[in-house]
Amino acid sequence: MKDSFGREIDYLRISVTDRCNLRCVYCMPEEGVEPISHADVLSYEETVRLVRIFAELGIKDVRLTGGEPLVRRGIESLVSEIKAMPGIETVSITTNGILLPEKLPALIEGGLDAVNISLDTLDAGKFDRITRRTGLPVVLEAIDLCLDAGLNTKINVVAMKGINDDEFVSLAELAKDRNLAVRFIEYMPIGRNDFEKYVPGQEIRGQLETVFGTMKTDTTLRGHGPAMYLRPEGFAGSIGFISAMTCAFCDKCNRVRLTADGFLKLCLQYDIGTSLRDVIRDGALDNEIKDVIMKAVEKKPKEHTFNDYLDAKNIEEKSMNKIGG
Ligand code: SAM
Ligand code: SF4
């Protein structure tokens, strides 16, 4: 399936819930958010039907995210149903890792291909302050379990000035002896206005190169997304940069998103899209749903304008847990 700019759309990110067992400062307010009612969330049956239709339209890779995808009951069977679907090549999960130790065996059994684990600090006290909950040892255990299981594993670090900018080197060193990628994500003005925390990817790279020396592009690692990977000399793993704010990777954008309540979201920044849940619940046939998806994809915006963040008029106001980051 191609959009109106000729971009091949083959990657679907599904937010299976907007609920979460953490309250990360950059994602959710302390008191949490009014959750979408269970009746409004897509059932697994509806999700599986939509993924089958998306697969017929050319989607090959599916990522389950949230909120925290592992808090949704039965996520293991959703993984295996999607993985078994004709046309689907990979199924991956983005998780905070808290429930991973208990769910990992069944997820692997179901065919999970890759996991991205969010981890912004190696300091237990800071972990508790960032997430407003506890759990650093469990997340570290989850990382080891994924590696032991031979799973393609990436660590997502949201870079925040004054919060974890003193730990970029030690976080990057997780990739020194481990075959994983540590990816630094530029802090995004999604649902909030604290731009002073934002650290440009180039600044992080500069900091790392003063310690590790010049890093070469790692061409062995290619995800489905916009990350650029580098490998310091002597590292088993690599360092990635997701420079959403500074880097115009929109011309290669291959993704659309499905929110927990079934909204087909065409770009992280804008609220443009359509409710597939309403279409399904109105009794549409598969071909009719396909038409709705193709018409919506034609409206996928050319690019985001996060880098014009001082001009905030177009900025998505929902927080990341609602969108499915
Ligand atoms: N709960 C899961 C997790 O934390 O990995 C999946 C959902 S979370 C919204 C997906 C990713 O978005 C995480 O890696 C998180 O760090 C990132 N994220 C959330 N808010 C962000 C923000 N304002 N800027 C940049 N990344 C953000
Ligand atoms: Fe939850 Fe992930 Fe948002 Fe943190 S980033 S509050 S773990 S959804």
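Which residue stands opposite Leu 264 in E11? Leu 258 does. The legends below return to that pair after the wider sheet. The model shown is predicted.

**Figure 1. Twelve strands form one open sheet.**
The strand order is E7-E8-E9-E6-E5-E4-E3-E2-E1-E10-E11-E12. Pairing within the sheet is mixed. Strand E7 (216-217) and strand E12 (273-275) are the edges. Each of these edge strands pairs on one side only. Strands of a sheet pair through backbone hydrogen bonds, either parallel or antiparallel. The views that follow show examples of both.

**Figure 2. Strands E10 and E11 run antiparallel.**
Strand E10 covers residues 255-258, and strand E11 covers residues 263-265. Two bridges join them. Here is the pair from the opening question: Leu 258 faces Leu 264 of E11.

**Figure 3. Strand E3 is mostly covered.**
E3 spans residues 90-95, and six of its six residues are buried. Thr 90, Ser 92 and Thr 94 point one way. Val 91, Ile 93 and Thr 95 point the other way. Residues on both sides are buried.

**Figure 4. E3 pairs in parallel with E2 and with E4.**
Strand E2 (residues 61-65) meets E3 over four bridges. Asp 61 has Thr 90 of E3 as its bridge partner. Strand E4 (residues 114-118) is joined to E3 by four bridges. There, Thr 94 is partnered by Asn 116 of E4.

**Figure 5. Helices link these strands in right-handed crossovers.**
E2, helix H2 (residues 75-83) and E3 make a right-handed β-α-β unit. From E3 the chain passes through helix H3 (residues 100-109) to reach E4. That β-α-β crossover is right-handed too.

**Figure 6. Strand E5 pairs with E4 and with E6.**
E5 takes in residues 152-159, of which seven of eight are buried. It runs parallel to E4, with five bridges between the two. Asn 116, seen in Figure 4 as the partner of Thr 94, stands opposite Lys 154 in E5. Strand E6 (residues 181-186) also runs parallel to E5, over six bridges. Ile 155 has Val 182 of E6 as its partner. Asn 156 has Arg 183 of E6 as its partner.

**Figure 7. Lys 154 sits in strand E5.**
Is this lysine, Lys 154, buried or exposed? Lys 154 counts as buried because its relative accessible area is 6%, below the 20% limit. Pro 69 lies 85 residues away from Lys 154 along the chain. Their C-alpha atoms are separated by 16 Å.

**Figure 8. Strand E6 is covered on both faces.**
Why is E6 described as largely enclosed by the rest of the structure? Six of its six residues are buried, so the description holds. Ala 181, Arg 183 and Ile 185 lie on one side. Val 182, Phe 184 and Glu 186 lie on the other. Strand E9 (residues 238-242) runs parallel to E6 and is joined to it by five bridges. In that pairing, Ala 181 is matched with Ser 238 of E9.

**Figure 9. Gly 66 lies in the loop between E2 and H2.**
Gly 66 is buried, with a relative accessible area of 5%. Ile 14 is 52 residues away from Gly 66 in sequence. In space, the two C-alpha atoms are 7.5 Å apart.

**Figure 10. Arg 132 has a positive phi.**
Most residues other than glycine have a negative phi. The phi of Arg 132 is about 55°, although this residue is not a glycine. Arg 132 is in the loop between helix H4 (124-131) and helix H5 (136-148). Arg 132 counts as partly exposed because its relative accessibility is 25%, between the limits of 20% and 50%.

**Figure 11. Seven named residues surround ligand 2.**
Three cysteines are there: Cys 20, Cys 24 and Cys 27. Leu 22, Tyr 26, Gly 67 and Asn 96 complete the shell. By class, the shell has five nonpolar and two polar residues. It has no charged residues.

**Figure 12. The second largest pocket holds about 210 Å³ of space.**
It is lined by 13 residues. Those closest to its centre are Thr 17, Arg 19, His 38, Arg 72 and Arg 73. By class, the lining has five nonpolar, three polar and five charged residues.

Key:
Residues numbered from 1 in each chain as written. Chains lettered and ligands numbered in written order. Predicted model: local features only at pLDDT ≥ 70, side-chain atom pairs only at ≥ 80, totals over all residues. Heavy atoms only, no water. Near = heavy atom within 4 Å. Nonpolar A, V, L, I, M, F, W, Y, C, P; charged D, E, K, R; others polar. 1 Å grid on protein atoms, 1.4 Å probe; cavity = no way out; pocket = protein on both sides within 12 Å on 5 of 7 lines; lining within 4 Å. Points joined across faces, edges and corners; volume = space filled by probe spheres on them. Buried < 20%, exposed > 50% of the residue type's maximum accessible area, 1.4 Å probe, protein only. Pairing = 2+ DSSP bridges. Right-handed = clockwise from strand over helix to strand, strands pointing away.
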